[in-house]
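Open the model in your viewer and keep the sequence panel beside it. Each stop below says what to select and what to look for there.

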Amino acid sequence: MQPLKGITVVTLEHAIAAPFATRQLADLGARVIKIERPGTGDFARGYDQRVRGLASHFVWTNRSKESLTLDVKHPEAAKVLERLVLEKADVVVQNLAPGGAARLGMGYEALSQRKPGLIVCDISGYGDDLSNPGPYRDKKAYDLLIQSEAGFVSVTGTPEEPCKAGPSIADIAAGMYAYTNILAALMQRSQTGQGQRIDISMLESLAEWTSYPLYYAFEGAAPPPRTGASHATIYPYGPFPAGDGGSVMLGLQNEREWASFCTTVLQQPALASDPRFSANFKRVAERDALRQIIVDAFAALTVAQVVERLEQAQIANAQVNTMAEVWAHPQLKARGRWTEVGSPQGPLPAMRPPGSWNTDPRMDPVPALGQHTDAILAALGYASGDITALRAAQAI
């Protein structure tokens, strides 16, 4: 049995943070009803058309959901939403602008009085707590902006230029904390019968993930320098070119590995006792000189030959794969991590969620906009004539 089967989540969501959280709840069997604007839907549907006409972000974060179109500002649609939450929902998730859900009557204070077991998860850029709002509560918050505010950008990139992460890491961090907090709240409710409000801040989520650089810069110390794909505080650790034009990613963690690297990979055993490089902090300080030694040693070798030596020395290494190479990655294929999900454009490949269970995760289709509107309304007791009238009034 899927562990969240029987749990219903109603979500007023867009973009990535909330959809990523609720998709993972759906992976575990929850019924997720996604409320979307009539006509346009979640604006992430329009980000691009890279997946056979569908948006890449939307396909990634919205499988296994039901799409219900409601103009939540229309009085009749608001009644539908209220009934849906009070009659069906175990969890409400939203990442509207701060205060937006409360203005729609979907805030925890109003809902919990009528349904004490309800769990409400609010996701925002800077947190949404009226008793302690902070000066940033109402600032717009997009992924790049939160990466910047959390300090992530300042320690990522090259010495010459800071850089954001490629994936939407601030959204992903917030989505993960929303997901895990909801799971914990469901466990607590099973013991107490009481729901609760969960307030997730993108800034706080990514600041937690950036806490190693924060502690490295403790009490005004210099932060870790930007070092591109290399590690700021461990060396050698990062990409190194081989003689055939390719590059190899490698990393050393301790002095035993350093000695093995010198002897087997560089074939310069005396280097292991060179006082310039006899401890990690010394190698970091002398990274330029050490890099040149490594580059010179690799210049006569192909990538395959470098990797062969690294494997022989039991030094961690990896290929710098392109997206195409990840699609074809032999380890993902060997472990059966790829399956298919349906979509408005037919079957699409989809990666199974991390983790393994005795039963398969839920992997249902990516919904078309409003695909489930009529069925959800009918289940609430609306007759076909009522649904037609709601549609004519542009409430759905």
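The tour goes through two sheets, some of the helices that lie on them, and two single residues. Bear in mind throughout that this is a predicted model.

**Stop 1: the six-stranded sheet**

Begin with the open sheet of six strands, whose order is 3-2-1-4-5-6 and whose pairing is parallel. Which strands stand at the edges? Select residues 65-69 for strand 3 and 197-201 for strand 6. Each has a single partner strand, so one side of each is left without a neighbour in the sheet. From one strand to the next, the twist averages 20°.

In general, strands of a sheet pair through backbone hydrogen bonds, either parallel or antiparallel.

Now select strand 1 (residues 8-12) and strand 2 (residues 31-36), a parallel pair with five bridges. Within this pair, Thr8 stands opposite Arg31 of strand 2. Strand 1 also runs parallel to strand 4, and four bridges join the two. Here Leu12 has Gln94 in strand 4 as its bridge partner.

**Stop 2: strand 4**

Select residues 91-94, which make up strand 4. Strand 5 (residues 119-124) pairs with strand 4 in the parallel sense, over four bridges. To find the two strands side by side, look at Val91, which stands opposite Ile119 in strand 5.

In a regular strand the side chains alternate between the two faces of the sheet. Show the side chains of strand 4: which residues are on which side? Val91 and Val93 are on one side, while Val92 and Gln94 are on the other. These residues are all buried, and both faces of strand 4 are covered.

**Stop 3: helix 7 and helix 8**

Select helix 7 (residues 169-192). At 1.5 Å a residue, its 24 residues should span 34 Å, and its end C-alpha atoms are 34 Å apart, so the two values agree. After helix 7 comes Gly193, with a positive phi near 80°.

Add helix 8 (residues 202-209) to the selection. Two packed helices are described by the angle between their axes and the distance between the axes. For helix 7 and helix 8, the axes come within 8 Å and cross at roughly 100°. That makes helix 7 roughly perpendicular to helix 8.

Which residues meet in this contact? On the helix 7 side they are Ile169, Ala170, Asp171, Ile172, Ala173, Ala174 and Tyr177. On the helix 8 side they are Met202, Ser205, Leu206, Glu208 and Trp209. Sorted by class, the contact has nine nonpolar, one polar and two charged residues.

Helix 8 also leads back to the sheet of the earlier stops: it lies across strand 5 and strand 6, at about 65° to strand 6.

**Stop 4: the three-stranded sheet**

Move on to an open sheet of three strands in the order 7-8-9, where the pairing is antiparallel. Its edge strands are strand 7 and strand 9 (316-318), each of which pairs on one side only. Neighbouring strands here are turned by 30° against each other on average, direction ignored. Strand 8 and strand 9 form an antiparallel pair with three bridges. Select Met249 to see Ala318 of strand 9 opposite.

**Stop 5: helix 12**

Select residues 287-298, which form helix 12. Its 12 residues, at 1.5 Å each, should span 16 Å, and the end C-alpha atoms are 16 Å apart, which agrees. Helix 12 lies across strand 7 and strand 8, at about 45° to strand 7.

Which residues of helix 12 are buried? They are Arg287, Leu290, Ile293, Ile294, Val295, Ala297 and Phe298. Their cover includes strand 7 (237-241), strand 8 (247-251), helix 10 (255-265), helix 11 (280-285) and helix 13 (303-312).

**Stop 6: two single residues**

Select Ile315, in the loop between helix 13 and strand 9. Is this residue buried or exposed? Ile315 is buried, with a relative accessible area of 2%. Leaving aside neighbours within four places in sequence, Ile315 is in contact with Gly251, Leu252, Glu257, Phe261, Val265 and Leu310.

Finish at Ile387 in helix 17 (residues 384-392). Its relative accessible area is 6%, so Ile387 is buried. Not counting residues up to four places away in sequence, Ile387 touches Asp374, Leu377, Ala378, Tyr382 and Ile396. For a view across the model, add Asp122: the C-alpha atoms of Ile387 and Asp122 are 30 Å apart, with their positions 265 residues apart in sequence.

Notes: Residues are numbered from 1 along each chain as its sequence is written. This is a predicted model: local features need pLDDT of at least 70, side-chain atom pairs count only at pLDDT 80 or more; totals for chains, interfaces and linings use all residues. Side-chain values use heavy atoms; hydrogens and water are left out. Axes are lines fitted to C-alpha atoms, for helices over the stretch in contact, and angles run from 0 to 180 degrees between N-to-C directions. Angles under 35 degrees count as roughly parallel, over 145 as roughly antiparallel, 65 to 115 as roughly perpendicular and the rest as oblique. Contact means heavy atoms within 4.5 Å. Ala, Val, Leu, Ile, Met, Phe, Trp, Tyr, Cys and Pro count as nonpolar, Asp, Glu, Lys and Arg as charged, and the others, Gly among them, as polar. The expected span of a helix is 1.5 Å times one less than its number of residues. Buried means under 20% relative accessible area, exposed over 50%, partly exposed in between (1.4 Å probe, protein chains only). Two strands pair if DSSP finds at least two bridges between them.
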